[in-house]
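Hi everyone, thanks for making time this morning. I'd like to walk you through a structure that is new to most of us, so let's put it on the screen.

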There are 2 protein chains.
Amino acid sequence: MKSKPARGRPREYDPEEALAAALGEFRRRGYTATSLDHLSEATNMARPSLYAAFGNKFEIYRKAVRQYSEQSAEQRLHALFEEPSLQKGLEDYFSAIIDAYFSREGSPLGCPVLSVISGEAAADPVIGAELAAAVERSDSLLQRRMAIAAEAGEISPDADVRGLAAMLAALQHSLALRARAGARRPELSAIAHAHVALVLKAAGYGGVTMHG
Amino acid sequence: MKSKPARGRPREYDPEEALAAALGEFRRRGYTATSLDHLSEATNMARPSLYAAFGNKFEIYRKAVRQYSEQSAEQRLHALFEEPSLQKGLEDYFSAIIDAYFSREGSPLGCPVLSVISGEAAADPVIGAELAAAVERSDSLLQRRMAIAAEAGEISPDADVRGLAAMLAALQHSLALRARAGARRPELSAIAHAHVALVLKAAGYGGVTMHG
DNA sequence: TTCATTTTGTACCGTTTCGCAAGAAATGAA
DNA sequence: TTCATTTCTTGCGAAACGGTACAAAATGAA
């Protein structure tokens, strides 16, 4: 159902590439400040083609984010739920996040959701719901991981699972913001490393094992 | 130098009120999505009056933020540096922040800096610098407070001061984002409370004193 | 009254915004 | 060749954008 030659004039763009290029514009400029002309230029598609292919501006944004999420979800989920060590799992999780925030050419683009639609979220209920859903997803993932760790005895059994998960989510939010504010990659890595270490310490991870 | 009647036609607006109203618009809509017409309506000032009084759009934003910062800085600094207990100081600090994020009418407006210009920060260097400066200010304050605590023996003397401060900053960033995503006030208060408690635990605050 | 000064209101500038209509171009099928 | 189909290109249109020119209105000073 993919390499069907179809009937009419063949399209000259690759939908996947186009959505990636569109997302790049949104990440650089923010949602409102990105115009259809910007998207048109970045994707090498005329505006009518954009509409025909993806819909209006918000639909373009949503489809671009969905593609990005699906592409980057795999490694994050792997780090969280298939890496046996909680510490390594969290380190890899945030490492993947930092990679994504710096994707391509080193210019820090930040999170395509948290950093891009945060400004519009309070005024536009649809955008607000999108932001809330993204926050909720991360919370849920991290809570599940910490609950598993508590049950498996990796952390103190009476640890505050929700509180710990919220702290890890806070790290994610902070990384997104700092990337947006121009922080360099090593700085973010150091922050993530220290943050995870302190959260694990507060969680009673691995007894007293801490090298610092 | 204030109640000078001046010479020409008396102005019909109060600059302080006008800036507060303008900031409200920016917080609701985000920076780019707020037009001069929105500001004009919210302030009851004609656009030319806005220009004459405050300058262009970005200048209006900056002056509004500056006024907000100056008004809310006092209580935060008091909580951080004049409250003897580190725990109570931090609780009050974040309590004040949550108050500010929900200021007026209960609609969660979020942080006028972090949540409003985050989208545009990567594209506009001036806005980017504004965001970076705001992040830097919080980092600096929290680092100073934790350094004092370490020196005074309130927390473990070999505690990772920078790491702990970064975790507290992350809480601030997370609160801003969650407010923007529609979280309710009690939820934010609970998150802040748990986060501070866990940070203090990781810092070795007060030996082993923890009620949970 | 008259004048200088300051603010206000109206009206406009050129540009950019999102969105779409309509026809040209390129293909497979008949 | 001819036709149906799909995509691309050109160009438009109504509205909104940031910003400003200019004159009317309101004051203190002379």
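Let's begin with the two protein chains: 40 residues of chain B are in contact with 39 residues of chain A. Please keep in mind that this is a predicted model. Together, chain B and chain A bury about 3100 Å², and 66% of that is on carbon and sulfur atoms.

What about polar links? Between chain B and chain A there are 16 residue pairs in polar contact, and the count of salt bridges is two. In one salt bridge, the side chains of A:R178 and B:D139 come together at 2.7 Å, N to O.

Which parts of chain B touch chain A? At least two residues each come from α1 (15–29), α6 (125–151), α7 (161–180) and α8 (185–203) of chain B. The most comes from α7(B), with 12 residues. By class, that side of chain B has 22 nonpolar, nine polar and nine charged residues.

Now over to the DNA. Strand D is surrounded by 25 residues, and the closest are A:E12, B:R7, B:L36, B:R47 and B:Y51. Three helices each supply at least two residues of this surface: α3 (47–54) of chain A, plus α2 (36–43) and α3 (47–54) of chain B. Nine residues of the surface are nonpolar, six polar and 10 charged.

Where on strand D does the protein sit? Of the strand's atoms within 4 Å of the protein, 68% belong to sugar or phosphate, the rest to bases. For instance, a polar backbone atom of B:L36 is 2.8 Å from a phosphate oxygen. On the base side, an N or O atom in the side chain of B:R9 is 3.3 Å from a base nitrogen.

Methods:
Residues are numbered from 1 along each chain as its sequence is written. Chains are lettered from A and ligands numbered from 1 in the order in which they are written. This is a predicted model: local features need pLDDT of at least 70, side-chain atom pairs count only at pLDDT 80 or more; totals for chains, interfaces and linings use all residues. Side-chain values use heavy atoms; hydrogens and water are left out. A residue is near a molecule or strand if one of its heavy atoms lies within 4 Å of it. A polar contact is a pair of N or O atoms within 3.5 Å; within protein, one must be able to donate a hydrogen and the other to accept it, and residues adjacent in sequence count only if both atoms are side-chain atoms. Helices (H or I, at least four residues) and strands (E, at least two) are DSSP runs, numbered from the N terminus. Ala, Val, Leu, Ile, Met, Phe, Trp, Tyr, Cys and Pro count as nonpolar, Asp, Glu, Lys and Arg as charged, and the others, Gly among them, as polar. Contact means heavy atoms within 4.5 Å. Buried area is the accessible area (1.4 Å probe) that two parts lose on being put together, summed over both. A salt bridge is a side-chain nitrogen of Lys or Arg within 4 Å of a carboxyl oxygen of Asp or Glu.
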